[in-house]
Amino acid sequence: MGRKVTLATCSLNQWALDFDGNLTRILKSIEVAKSRGAKYRLGPELEICGYGCADHFYESDTLLHSFEVLRKLLESPITQDIICDVGMPIMHHNVRYICRVLFLNRRILLIRPKMVMANCGLHREMRWFSPWNQLRLVEEYFLPRMIQEVTGQDTVPFGDCVLSTKDTCIGSEICQELWSPRSPHIQMSLDGVEIFTNSSASHHELRKADQRVNLIKSATAKCGGIYLYSNQRGCDGDRVYYDGCAMVAINGDVVVQGAQFSLNDVEVITATLDLEDVRSYRGERCHPHMENEPKPCHRVKVDFSLSTGDDIYLPTHQPITWNYHTPEEEISLGPASWLWDYLRRSGQGGFLLPLSGGVDSSSTACIVHSMCVQICQAVQDNNSQVLEDVRRVTGDASYYPQDPRELCGRLFTTCYMSSENSSVDTCTRAKELAHQIGSTHMNINIDMAVKGILGIFSVVTGKWPQFRVNGGSPRENLALQNVQARVRMVLAYLFAQLSLWARGKPGGLLVLGSANVDESLTGYFTKYDCSSADINPIGGISKTDLKSFLLYCVEQFQLTALKGVLSAPPTAELEPLTDGQVSQTDEADMGMTYSELSVIGRLRKMSKCGPFSMFCKLIHMWRDALSPAEVAQKVKHFFRMYSVNRHKMTTVTPAYHAESYSPDDNRFDLRPFLYNTRWTWQFRCIDDQVGRKHRWTVECTSEPPVN
């Protein structure tokens, strides 16, 4: 018959500039694809060098080593008799492009450069690369000598072209092109391309997966065709986690779904599909001859078939329902996988967390526990790479992890850092949670260190600051809170460096932070305090989502200690207790609730609102609870806090990117850190509107004149 094709796509845990490891994983994916009968293998975007190379893309070494890896791939017997589609950076006419290189049996078939760049949010592709914006134009690319020696080719096609086999036609899309309003698959489908491929480096954000799936289903529902999606997975050296989700779809239906979160470095999915299903679907819905096509696709012909002559008894894949994770599951799995990648690639021996007994630090602890659960499950599933890594991290060559609590005791150290302002309740909650997850737990009293530092200040100045409740000024009160927080950071790093040494074990620990995204927005934390750490798994997650996540952990992991954490009011416990009870709460200090902060954060970043625009939107969103004057006060208070504390984001701990309203100063939220904190013009516009509303209300409610 010759109409059924078996195609492979994959998710690979690549690492920026790890050319040896990246090559190994690429070859493994091709080997698996061939073993399952696939004739075409698709890999992630820039898989040879890793997507997150950033300014290393400027270096000629990155281009050189990428071609050296390509040569290894061309020479390998593993890559024979299958069309391999790999991603790498290539310079053409002194311009750098993100490219797909398609090759078969030691010959390069074509090079397809990216035409639509990802240049918003976290992505800055235009900093390093240019788009190929010449529709349907194909040029000659002169291959480097090292490649010519293998392929025997001097030049290959480079540009907007498709691959025509003896039985079908294949066209490439690269990541952002799928999200573009002028996606290439539309024009390609109208010109008879039947198989579309998309190589991506798409990062995880909470509640984002359905957008990706819907775009792919929509693409093939409109145009018909087969769509292969490949994505990177894991932490490749930065704040993001690439979340896999490789898939294959046909005519609007997904037929194979890869995992979104997994500790597998290489995941290959294959699908067998009938090309006649595409042709029948298009026969009723698509009429290319009626379209005004500017120019047909440039076809590169290859003497190769994806199908075989006798495939009538070969079963095809049928539509499935996509299994979406809940946001709570995403928090449990994504940051945990990111932490594991960071730990095993950092060369450290585990994590240390200052555990306060509050929602934030408890959430970080639960994510580490989830990581241990995933590791044990991966080892049980015979993942040899995870077993090798965990033995190296723990320093025990015979270790076989089976119990997450026992593994947590080896990898995770928690410490409750008490002061005279700490309550018994928070200490108890921290101890109970540590016991339930299995971490090695310590109680550390910081009063001696705090008094020692204040003593130094007193010797030099002759003054001893007092808390507000003892008659001190606001400046004294804040300074006394900050010194406690900063002492905790110093002690955290001391114990991280020496805890394993004290137990007679090699290595050090990574310090984990636990400041959430909402606190970062307002700067409600001390600069260089115990939230300052090596990495922070919850720095991009809202307080509201963290509370839901802890409820999930109560049920999923039977961590009953979290019930007390959830019922307690959020507090920093940096001011003196009142009759042994906490008198300071976070929301009172911030002047707004965490739920209000989440709304404001989304308006600031996602809706691009300044103070005036935010006020205009919130008077309607909050009209049932707040008057315009009260909304104005909230908006002005937020922007004062935001602008006064924006400088803190320049030193904030690198955090897992999970929210589209994150204020991360690294690459995502590029704004000044020195503001006119009075916002005179903007606040005057708000006050004018509040005044107009008041005058309008008075006019409308006054008594009508008597005739």
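Which residues in H19 meet which residues in H21? In this predicted model, Glu596, Leu597, Ile600 and Arg604 are the residues on the H19 side, and they meet Lys634, Phe638 and Tyr642 in H21. Helix H19 covers residues 594–605, and its axis comes within 12 Å of the axis of H21, with a crossing of roughly 75 degrees. Angles of 65 to 115 degrees count as roughly perpendicular, so H19 is roughly perpendicular to H21. Sorted by class, the contact of H19 with H21 has four nonpolar and three charged residues, and no polar ones.

Two of the H21 residues in that contact, Phe638 and Tyr642, also belong to an aromatic group. The aromatic pairs in the model come to 21. In one of them, the ring centres of Phe638 and Tyr642 are 5.8 Å apart and the ring planes lie at 20 degrees, so this pair is stacked. Phe638 and Tyr642 are four residues apart in helix H21 (residues 628–645), which means that about one helical turn separates them. Phe638 and Tyr642 are both buried.

A further pair joins Phe639 to Trp679. Their ring centres are 5.2 Å apart, and because the planes stand at 65 degrees, the pair is edge-to-face. Phe639 lies in helix H21, whereas Trp679 is in the loop between H21 and helix H22 (680–701), so the pair ties together parts that are 40 residues apart in sequence. Both Phe639 and Trp679 are buried. The four residues of these two pairs are members of one aromatic cluster, made up of Phe638, Phe639, Tyr642, Tyr675, Trp679 and Phe683.

Residue Tyr594, where helix H19 (residues 594–605) begins, is also one of the contacts of Glu519. Glu519 is found in helix H15, which runs over residues 517–522. Is Glu519 buried or exposed? Its relative accessibility is 7%, so Glu519 counts as buried. With neighbours within four places in sequence left aside, Glu519 is in contact with Asp360, Tyr524, Phe525, Lys543, Asp586 and Tyr594.

The next helix contact is between H8 and H10. Two packed helices are described by the angle between their axes and the distance between the axes. For helix H8 (residues 327–346) and helix H10 (residues 384–394), the axes come within 10 Å and cross at roughly 60 degrees. H8 and H10 are therefore oblique to each other, and their crossing is left-handed. On the H8 side the contact is made by Trp340, Leu343 and Arg344, and on the H10 side by Gln385, Val386, Asp389, Val390, Arg392 and Val393. These residues divide into five nonpolar, one polar and three charged.

Helices H11 and H12 form another packed pair. Helix H11 spans residues 404–411 and helix H12 spans residues 424–437; they pack at an angle of about 115 degrees, with their axes 8 Å apart. Pro404, Arg405 and Cys408 in H11 meet His435, Gln436 and Ile437 in H12. The contact of H11 with H12 has three nonpolar residues, two polar and one charged.

Cys408 appears again in the surroundings of Ser439. Ser439 sits in the loop between H12 and strand S19 (440–445). Its relative accessible area is 11%, so Ser439 is buried. Beyond its neighbours within four places in sequence, Ser439 is in contact with Cys408, Gly409, Phe412, Thr414 and Ala434.

Gly452 is found in helix H13 (residues 447–461). With a relative accessible area of 35%, Gly452 is partly exposed. The C-alpha atoms of Gly452 and Lys166 are separated by 80 Å, and the two residues are 286 residues apart along the chain.

Two loop residues remain to be described, and they concern backbone angles. Most residues other than glycine have a negative phi. Asp81, although not a glycine, has a positive phi of about 65 degrees. Asp81 lies in the loop between helix H2 (60–75) and strand S3 (83–92), and it is partly exposed, with a relative accessible area of 47%. Arg106 also has a positive phi, near 70 degrees, and is a residue other than glycine. The loop that holds Arg106 runs between strand S4 (95–104) and strand S5 (107–113). Arg106 has a relative accessible area of 34% and is partly exposed.

Key. Residues are numbered from 1 along each chain as its sequence is written. This is a predicted model: local features need pLDDT of at least 70, side-chain atom pairs count only at pLDDT 80 or more; totals for chains, interfaces and linings use all residues. Side-chain values use heavy atoms; hydrogens and water are left out. Axes are lines fitted to C-alpha atoms, for helices over the stretch in contact, and angles run from 0 to 180 degrees between N-to-C directions. Angles under 35 degrees count as roughly parallel, over 145 as roughly antiparallel, 65 to 115 as roughly perpendicular and the rest as oblique. A crossing is left-handed if the near helix is turned anticlockwise from the far one by less than a right angle, and right-handed if clockwise. Contact means heavy atoms within 4.5 Å. Ala, Val, Leu, Ile, Met, Phe, Trp, Tyr, Cys and Pro count as nonpolar, Asp, Glu, Lys and Arg as charged, and the others, Gly among them, as polar. Rings of Phe, Tyr and Trp (its six-membered ring) pair if their centres lie within 6.5 Å; planes under 30 degrees apart count as stacked, over 60 as edge-to-face and the rest as tilted. Buried means under 20% relative accessible area, exposed over 50%, partly exposed in between (1.4 Å probe, protein chains only).
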